[in-house]
Amino acid sequence: MKTDLKIKNDVLQELAWQPNVDETQIGVVVENGVVMLTGVVDNYLVKVAAEKAAKRVKGVKAFAGDIHVKYGTNFQKTDIEIGKAIVKAFEWNTAVPEDKISIEVRDGWVTISGEVEWAYERDAAARVIESIKGVKWINNTITIISEKIKEDVTGKIAKAFKRSADIEADGITVEIINGLVKLRGIVHSISEKKAAEKAAYFSPGVDVIINELEVIDN
């Protein structure tokens with residue numbers, strides 16, 4: 001099992017490996033396998049890249065992000081400019097049902113709400129916003145309206161796990177409890193835990209997932 005110091009060094013190396021991340025701007029704290037990133041960056045995409053990099057490191061059991069985004073004067077945008085840019089980006093992305101999503105921008109903090117039929121539509125909306133200049137934070141409150149979960153959905157999710165190169169399917173069990181999908185078992189990284197959750201979301205009828213997968217570094 002990795003020590004906290006080893007995990008911290010690996011996270012710092014992973015951050016340094018990212019071409020758009022300046023690791024000197026980011027602080028890394030590790031306690032009992034839980035990683036916290038702190039600091040100030042000048043672009044929301046940098047924040048996202050740093051957080052994803054930390055989650056990929058083997059041995060990380062949980063993650064807490066406290067990176068703030070502060071744009072320079074040349075890249076500052078008004079809330080109206082940010083809102084217009086988001087609307088236009090939604091129109092160009094076929095995965096985003098823009099007519100079903102509401103957008104609110106306050107001091108660069110973006111809240112999106114509404115109801116969509118698929119989890120990937122909700123996730124796509126957030127990913128589109130990540131690249132908009134001026135965005136400091138995204139609060140995704142979009143909910144999913146879908147058909148009742150079919151009995152064979154557990155089998156479909158299990159097959160999706162086996163197709164994925166990022167998931168060790170044998171360590172994961174899938175249960176349907178009161179219309180919710182619960183994932184249990186053992187994985188070996190946060191990225192694997194997230195990959196399992198993402199794969200489950202793409203099954204028909206799934207809108208809420210309780211991810212109880214335990215991250216164990218072997």
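Is Asp-107 buried or exposed in this predicted model? With a relative accessibility of 53%, Asp-107 counts as exposed, because the cut-off for that class is over 50%.

## Overall architecture

The protein chain contains six helices and eleven strands. Of its 218 residues, 39% are buried. Among contacts in the protein chain with a separation of 6 or more, 66% are between residues 24 or more positions apart.

## Two loop residues with positive phi

Asp-107 is located in the loop that joins β4 (101-106) and β5 (109-116). Its phi is near 55°, a positive value in a residue other than glycine.

Asn-32 occupies the loop between β1 (26-31) and β2 (34-41). The phi of Asn-32 is near 55°, which is again positive in a residue other than glycine. Asn-32 has 60% relative accessibility and therefore counts as exposed.

## Packing of helix α1 against helix α2

Helix α1 spans residues 4-17 and helix α2 spans residues 44-56. Their axes come within 9 Å and cross at roughly 135°, so α1 is oblique to α2. The crossing of these two helices is right-handed. On the α1 side, the contact is formed by Val-11, Glu-14 and Leu-15. On the α2 side, Ala-50, Ala-53, Ala-54 and Arg-56 take part. Sorted by class, the contact of α1 with α2 comprises five nonpolar residues, two charged residues and no polar residues.

Two further residues of α1 may be described individually. Asp-10 is found in helix α1 and is buried, with a relative accessible area of 15%. Not counting residues up to four places away in sequence, Asp-10 touches Lys-2 and Val-57. Trp-17 also has its place in helix α1, but at 69% relative accessibility Trp-17 counts as exposed. The C-alpha atoms of Trp-17 and Ala-53 are 8.9 Å apart in space, and the two residues are 36 residues apart in sequence.

## Helix α4 and its crossing with helix α3

Helix α4, residues 119-130, has twelve residues. From its first C-alpha to its last, α4 reaches 17 Å, close to the 16 Å expected at 1.5 Å a residue. The helix is mostly covered, with nine of its twelve residues buried. The buried residues of α4 include the nonpolar Ala-119, Ala-124, Ala-125, Ala-126, Val-128 and Ile-129. The charged residues Glu-121, Arg-122 and Glu-130 of α4 are buried as well.

The axes of helix α3 (residues 79-92) and α4 come within 10 Å and cross at roughly 125°. As a result of this angle, α3 is oblique to α4. The passage of α3 across α4 is a right-handed crossing. The contact involves Ile-86, Ala-89 and Phe-90 from α3, together with Ala-125, Val-128 and Ile-129 from α4. By class, the contact of α3 with α4 has six nonpolar residues, with no polar and no charged residues. Ala-125, Val-128 and Ile-129 also appear among the buried residues of α4.

## Strand β8 and helix α6

Val-174 has its place in strand β8 (residues 172-177). Leaving out residues up to four places away in sequence, Val-174 touches Thr-154, Ile-157, Phe-161, Val-181, Lys-182 and Leu-183. Val-174 and Ala-158 are 16 residues apart in sequence, and their C-alpha atoms are 7.4 Å apart in space.

Glu-197 lies in helix α6, which covers residues 190-201. With 17% relative accessibility, Glu-197 counts as buried, because that class holds residues under 20%. Apart from its neighbours within four places in sequence, Glu-197 is in contact with Leu-183, Ile-209 and Asn-211. Leu-183 is thus touched by Glu-197 and is likewise one of the residues that Val-174 touches. Glu-197 and Ile-157 are 40 residues apart in sequence and 9.7 Å apart in space, C-alpha to C-alpha. Ile-157 is also among the residues touched by Val-174 of strand β8.

Note on methods
Residues are numbered from 1 along each chain as its sequence is written. This is a predicted model: local features need pLDDT of at least 70, side-chain atom pairs count only at pLDDT 80 or more; totals for chains, interfaces and linings use all residues. Side-chain values use heavy atoms; hydrogens and water are left out. Axes are lines fitted to C-alpha atoms, for helices over the stretch in contact, and angles run from 0 to 180 degrees between N-to-C directions. Helices (H or I, at least four residues) and strands (E, at least two) are DSSP runs, numbered from the N terminus. Angles under 35 degrees count as roughly parallel, over 145 as roughly antiparallel, 65 to 115 as roughly perpendicular and the rest as oblique. A crossing is left-handed if the near helix is turned anticlockwise from the far one by less than a right angle, and right-handed if clockwise. Contact means heavy atoms within 4.5 Å. The expected span of a helix is 1.5 Å times one less than its number of residues. Buried means under 20% relative accessible area, exposed over 50%, partly exposed in between (1.4 Å probe, protein chains only).
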